Amino acid sequence: MTDYGQELRFGSFLTPSAADPTGVVDLAVVSERAGLDLVTIQDHPYQPRFLDTWTLLGWIAARTTTVTIAPDVANLPLRGPVILARSAASLDRLSGGRVELGLGSGAFWDAVAANGGPHRSPGEAVDALIEAIEVIRALWSDEKGAARVDGTYYRLTGAKRGPFPAHALGIWLGAYGKRMLDVTGRFADGWLPSSFAAGPEKLGEMSARVDEGAHRAGRDPAAIRRLYNISGTFAETADGSFLHGPPEVWAEQLAELTLRHGTSTFVLGSDERSDLERFAGEVAPRVRELVAAERR
């Protein structure tokens, strides 16, 4: 049993459809009213069918009062670490400390390049991500003097720091490969994989790699939040697959992931109001009960 001692949290992962701009904002409000802790938005700046993620997050922040909001995950190659750092810190201050930064090394490189961004190899993308984290943290730091980062992909040559986040704003990495998992353990505040790319059976081995990276960096693995983007189907009967069945089955499966692998945040990818309400009202409380009972 792995216990990182972190409070359980539940959230929604919404599609920023430009065809229905009020719909996604309404679902964010539904998420908050239903009792979810977190609202996240995928970020694909090269996709004209989607609203811009940061613009949308700002709109959602203005329409809500309690939920944490985050990109899931921000597209580093097209946004750049300086803009990401200042955008996230600004929105964190405007929202009263309700922002976290999901961050990825990049994907869909042809689309990125078609929109003026770089076309990086996997190794280059990871190197750039490491430098980006250093840049972001340098701009958020309250250290005296200008910020300097001498990187291959990103540099700061005496940049003024700030604005500073309203709270200790975390960086959550969407990571799957061995090196990215090591980077997560060394540098990140959270690990944010998705069930479609990393099924439950893979979480143990991958989480262990995050832990190994943390140990090599002299960090406590318990400081790294384990999040999980999930999808599923509510049904009257279970068919034995992951998250297919009644809410009780969902709760049992998610509680097992918490107890076995330390997963403490579950983010449901759904644009159906009824799914979000059942997840918040029936699944989340039961997961908390099951986990609390086992830990006692």
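This passage describes the annotated domain, the largest pocket, the aromatic contacts and the backbone features of a predicted model.

In the UniProt record, an unreviewed entry, residues 16-237 carry the annotation "domain: Luciferase-like". Over this range the chain is 43% helix and 16% strand, and the C-alpha atoms at its two ends are 31 Å apart.

The largest pocket has a volume of about 500 Å³. It is lined by 23 residues, of which His 44, Asp 72, Val 73, Ala 107 and Tyr 176 are the closest to its centre. By residue class, the lining of this pocket comprises 12 nonpolar, nine polar and two charged residues. Asp 72 and Val 73, both among the residues closest to the pocket centre, are joined by a cis peptide bond with omega near 0°, and Val 73 lies in the loop between β3 (68-71) and β4 (74-75). A further cis peptide bond, with omega near -5°, runs from Gly 162 to Pro 163, the latter residue being placed in the loop between β7 (155-159) and β8 (171-173).

Six aromatic pairs are present in the structure. In one of them, formed by Tyr 46 and Phe 108, the ring centres are 6.1 Å apart and the planes meet at 55°, so the pair is classed as tilted. This pair connects distant parts of the chain, since Tyr 46 belongs to the loop between β2 (38-41) and α2 (53-63), whereas Phe 108 belongs to the loop between β5 (101-104) and α5 (109-114), 62 residues away. The two partners also differ in their surroundings: Tyr 46 is buried, with a relative accessible area of 15%, while Phe 108 is exposed, at 54%. In addition, the phi angle of Phe 108 is near 50°, a positive value in a residue other than glycine.

One aromatic cluster is formed by Phe 10, Phe 234, Trp 250, Phe 266 and Phe 279. Within this cluster, the face of Phe 234 is covered by Arg 278, which lies over it at 4.9 Å from the ring centre.

A positive phi value is also found at Leu 243, a residue other than glycine, where the angle is near 55°. Leu 243 occupies the loop between β11 (233-234) and β12 (244-245) and is buried, with a relative accessible area of 1%. In helix α5, which contains Ala 113, this alanine counts as partly exposed because its relative accessibility is 33%. The C-alpha atom of Ala 113 is separated by 8.9 Å from that of Leu 78, although the two residues are 35 positions apart along the chain.

Terms used: Residues numbered from 1 in each chain as written. Predicted model: local features only at pLDDT ≥ 70, side-chain atom pairs only at ≥ 80, totals over all residues. Heavy atoms only, no water. 1 Å grid on protein atoms, 1.4 Å probe; cavity = no way out; pocket = protein on both sides within 12 Å on 5 of 7 lines; lining within 4 Å. Points joined across faces, edges and corners; volume = space filled by probe spheres on them. Nonpolar A, V, L, I, M, F, W, Y, C, P; charged D, E, K, R; others polar. Phe/Tyr/Trp six-rings, centres within 6.5 Å; stacked < 30°, edge-to-face > 60°. Helix = DSSP H or I, 4+ residues; strand = E, 2+ residues; numbered from the N terminus. Buried < 20%, exposed > 50% of the residue type's maximum accessible area, 1.4 Å probe, protein only. Lys NZ or Arg CZ within 6 Å of the ring centre and 35° of its normal. UniProt positions renumbered as here; feature names shortened; annotations may be inferred.
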